[in-house]
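Here's a quick briefing to read alongside the model. It starts with burial, moves on to the ligand site and ends with a couple of backbone oddities.

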Amino acid sequence: MAIKYVYLFSEGDASMRNLLGGKGANLAEMTGLGMPVPRGFTITTEACTKYYEDGEIINDDIRAETLEYIAKLEGLTGKKFGDANNPLLVSVRSGSRASMPGMMDTILNLGLNDTVVESFAEKTGNPRFAYDSYRRFIQMYSDVVMEVGKEYFNTLIDIMKEKRGITLDTDLTAADLKELAEQFKSEYKAKIGSDFPSDPVDQLFGAIKAVFRSWDNERAIFYRRMNDIPSNWGTAVNVQEMVFGNMGDTSGTGVAFSRNPSTGEKGLYGEFLMNAQGEDVVAGVRTPETIDHLQEQNPAAYAEFVSIVKTLEDHYRDMQDMEFTIEEGKLFMLQTRSGKRTAAAALKIACDLVDEGMIDQKKAVSMIDPKQLDAVLHPQFDPEALKNAAPIGKGLAASPGAACGNVVFTAEDAVIWARDKGCDVILVRLETSPEDIEGMHYSQGILTARGGMTSHAAVVARGMGTCCVSGLGEIKFGAEGKSFELGGNTYREGDFISLDGTTGYVYGEAIKTVPASISGYFERFMNWADEYRTMKVRTNADTPADAAQALKFGAEGIGLCRTEHMFFEADRIAAIREMIVSKTVEQRKTALAKLLPIQRGDFEGIFEVMGSLPVTIRLLDPPLHEFLPTDEGDINALAAEMNMPVSELKAIISSLHEFNPMMGHRGCRLDVTYPEIGEMQTQAIIEAAINVKKRHPEFDLVPEIMVPLIGELKEFQFVKNIITETADRLIAASGIDLKYMVGTMIEIPRAAILADEIAKDAEFFSFGTNDLTQMTFGFSRDDAGNFLDAYYEKKIYENDPFARLDQEGVGKLISTAVKLGQQTRPDIKLGICGEHGGDPSSIEFCFKAGLAYVSCSPFRVPIARLAAAQAALKNS
Ligand code: PEP
Ligand code: MG
């Protein structure tokens, strides 16, 4: 049977969302509910997919079926497409499964041409209205379908108003509008090189094509990537008989929400404009009135609308966002959908709907997008202030939230401007390194020209909950290092810029932010989520402060403590550098002896905070280049400390240079070459645990010691031996009954493939998906940002694999390792600690793969809790 590509509204319903798109399915549902919906039909999302499969062509079948449905619509309305006496005019609107800003929205009044408009003027007895509709159509079609842009059309309107000495569009006469329509057509011809299409069928297919095309424009692709919407969903097209809000003073148009979308407060919230068409309300040409005023102007239409709103909310059991038009006093519904809302409103609405008996807790838990919780945990831009701002560039959305402040270029200046001068600062760097940590800590936002989603800047900023945009390659630094160029402007130290770490946009001006605000609804909602969650949520935390923050957000343990991060602070970095550049075991042992008390102290702090909750501590895994001194002053100081000539130190530093530091001398390789490092770290962990256990015998403290970058069982056994010998000796000497576990990260493909071997000695696996992704793709995690955009554009990859787990490839390695690991050790403890542990779609994958926990940065813990609950609900 031939595929059916077109459905009348009366043939569909809300359950057909995948096929008809959200708008089409809801128009069909409202039609079925007997609501006043102008008649029309929907061309399916499958037609869109087919359009792309056929090489961006509307094939004969779809074309014929569309024309057949135009004929049906003519039959239903008694009007005829292109008929001079009784013309059918339609709107053409896009509508995908998930509402997607950035796609083509609406073409109104399609079907008008020079002849039709004349008779339309005559028939309606309202030439002003007819020519107003015509000029709007030419304007919209030129802008949206032919992408001529709308600015010049608006200029022509302004010139006309000036010539006529008026300020309001509504004061333009029929003759003015007719003249404007002519001017618009000339503009079209000048830009496009051919006449404005007069045949309504050509107009229609032009518009349908534009909708299909808009599915794949840059904005839509970006939105899909941000929201995990697959590119093969496609968009539907809705063709609907026009009703007119611009027929005079008894006509109008408006939008309304059934609850306040900013606060969640119950009650009708919206605005309308009389004698206007849809775009006037959003375009801000005239100031709309609030919806309650409709009651005075048309009590019957208002009452009918209020009753429809109630029916729709009860029917959909969610806050609705609706569009309506009143044509000569009569109400028509043009759209209803679940209203977009702020995170704060989403939480209140979810709780209120449960209290009102409209939904149960499960439904409440599944209705909030986990990523939206970012907005209650981080500062955001004031939406009003943001409306007037234009971005100057876009990098990777590396750590969410909004920040605004004075530009500084070094970590030292960040400290001076922030701590000493009391300013908010944005630290702008080529890339960050461990030395920048203090400056990063003092910054409101971090912007880097280099580095991907798992680069130093991104990982550290997320850990701190600081807004970060990384990998904005267009930034050109001035030679003096105190200015940068972006979007055609130069920014110097002290200039204001703003960052949106949720979208990656950078603005060359100060934009007001509003602070994070956690309400009582948040707590209540998160408790419901926890009821349905089966996977544990741990955190990646390197300090007692981070651990405490994560506990407040509901973390149930530490899944990754990166011990090298403990040395970022200025007074500690010297000791780790000393260890790295040591030439002899003695030198190294001296340096390690300085590190031991520091590490032991930090571990004690962490164990104290975490109590009986599990804590995984990973042995040192620094890509060495992140720690080596580059600055002349630092090199001199280190040489002095080590009693070594500067030239000798420089020679050592250059001998440590690696071509691929990420695949170089890091992770367990350090313990293989320098076993004393593993010994010192084990000693620090075990002594810290013994000390805490002495103070708190009630703590069920079982440190989990984790070895990074394992690729081979013998390698693991070698390092495990160092650990167990040291640990067992210390425990025996202490007389304290302390248990501990030794496990490994699975972050090298070889380890995943040989997981059955490795599980012979590893008591737990934690998937390090940052490195596993890097090494599976062969993409450097620090450099992939430079070329991934080309992969999205060419549709080779849809998402950044460092942000969203590549389920087919990297995921297959994970599933393989889970299966093999469990074969050898059925009770093996399984978790993930790569950045994907905080990404909702990756969390669902982890749930399905059978992991016991996910671990993520503290500010992502609530997101992970909700995503894990949704994964359990969806897959149970
Ligand atoms: C990983 O590789 O996924 C991981 C957690 O370790 P790191 O990011 O420190 O390399
Ligand atoms: Mg790693």
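A residue counts as buried when its relative accessible area is under 20%, as exposed when that figure is over 50%, and as partly exposed in between. A276 has 0% relative accessibility, so A276 goes down as buried. Keep in mind that this is a predicted model. Ligand 1 is worth a good look too: the space taken by ligand 1 is the largest cavity.

**The ligand 1 site**

- Which residues come nearest to ligand 1? Out of 13 residues around ligand 1, the nearest are R562, G768, N770, D771 and R781.
- R781 reaches in with its side chain, where an N or O atom is 2.8 Å from an oxygen atom of ligand 1.
- N770 uses its backbone instead: a backbone N or O atom of N770 sits 2.7 Å from an oxygen atom of ligand 1.
- R666 joins in through its side chain, with an N or O atom 3.2 Å from an oxygen atom of ligand 1.
- On its own, ligand 1 has 290 Å² of accessible area, and the protein covers 96% of that.
- Two elements give two or more residues to the shell around ligand 1, namely β27 (558-562) and α31 (769-777).
- The top contributor to that shell is α31, which gives three residues.
- Sorted by class, the shell around ligand 1 holds six charged, four polar and three nonpolar residues.

**Buried spots**

- A276, the buried residue from the lead, is in the loop between β9 (266-274) and α10 (278-283).
- Along the chain, A276 and S133 are 143 residues apart, yet 10.0 Å separates their C-alpha atoms.
- R135 belongs to helix α5, which covers residues 127-145.
- Is R135 buried or exposed? Its relative accessibility is 6%, which is under the 20% cut-off, so R135 is buried.
- R135 also pairs up in space with L180: the two are 45 residues apart in sequence, and their C-alpha atoms are 6.6 Å apart.

**An exposed serine**

- Look for S15 in the loop between β1 (6-8) and α1 (17-32).
- S15 counts as exposed because its relative accessibility is 67%, which is over the 50% cut-off.
- The side chain of S15 still has a partner, making a polar contact with the side chain of D13 at 2.5 Å.
- For a long-range reference point, take V239: it is 224 residues from S15 along the chain, and the C-alpha atoms of the two are separated by 20 Å.

**Positive phi without a glycine**

- R317 isn't a glycine, but its phi is positive, at about 50°.
- You'll find R317 in the loop between α12 (299-316) and β11 (320-327).
- With a relative accessible area of 38%, R317 falls between the 20% and 50% cut-offs, so it is partly exposed.
- N643 is another non-glycine residue with a positive phi, here near 60°.
- The loop between α24 (632-642) and α25 (646-655) is where N643 is found.
- Why does N643 count as exposed? Its relative accessibility is 73%, and the cut-off for exposed is over 50%.

Key:
Residues are numbered from 1 along each chain as its sequence is written. Chains are lettered from A and ligands numbered from 1 in the order in which they are written. This is a predicted model: local features need pLDDT of at least 70, side-chain atom pairs count only at pLDDT 80 or more; totals for chains, interfaces and linings use all residues. Side-chain values use heavy atoms; hydrogens and water are left out. A residue is near a molecule or strand if one of its heavy atoms lies within 4 Å of it. A polar contact is a pair of N or O atoms within 3.5 Å; within protein, one must be able to donate a hydrogen and the other to accept it, and residues adjacent in sequence count only if both atoms are side-chain atoms. Accessible areas come from the Shrake-Rupley method with a 1.4 Å probe; for residues, only the protein chains shown count as cover. On a 1 Å grid over the protein atoms alone, a cavity is a set of points where a 1.4 Å probe fits but cannot get out, and a pocket is an open set with protein on both sides within 12 Å along at least five of seven lines; lining residues have an atom within 4 Å of a point. A molecule sits in a cavity or pocket if more than half of its atoms lie within 2 Å of its grid points. Helices (H or I, at least four residues) and strands (E, at least two) are DSSP runs, numbered from the N terminus. Ala, Val, Leu, Ile, Met, Phe, Trp, Tyr, Cys and Pro count as nonpolar, Asp, Glu, Lys and Arg as charged, and the others, Gly among them, as polar. Buried means under 20% relative accessible area, exposed over 50%, partly exposed in between (1.4 Å probe, protein chains only).
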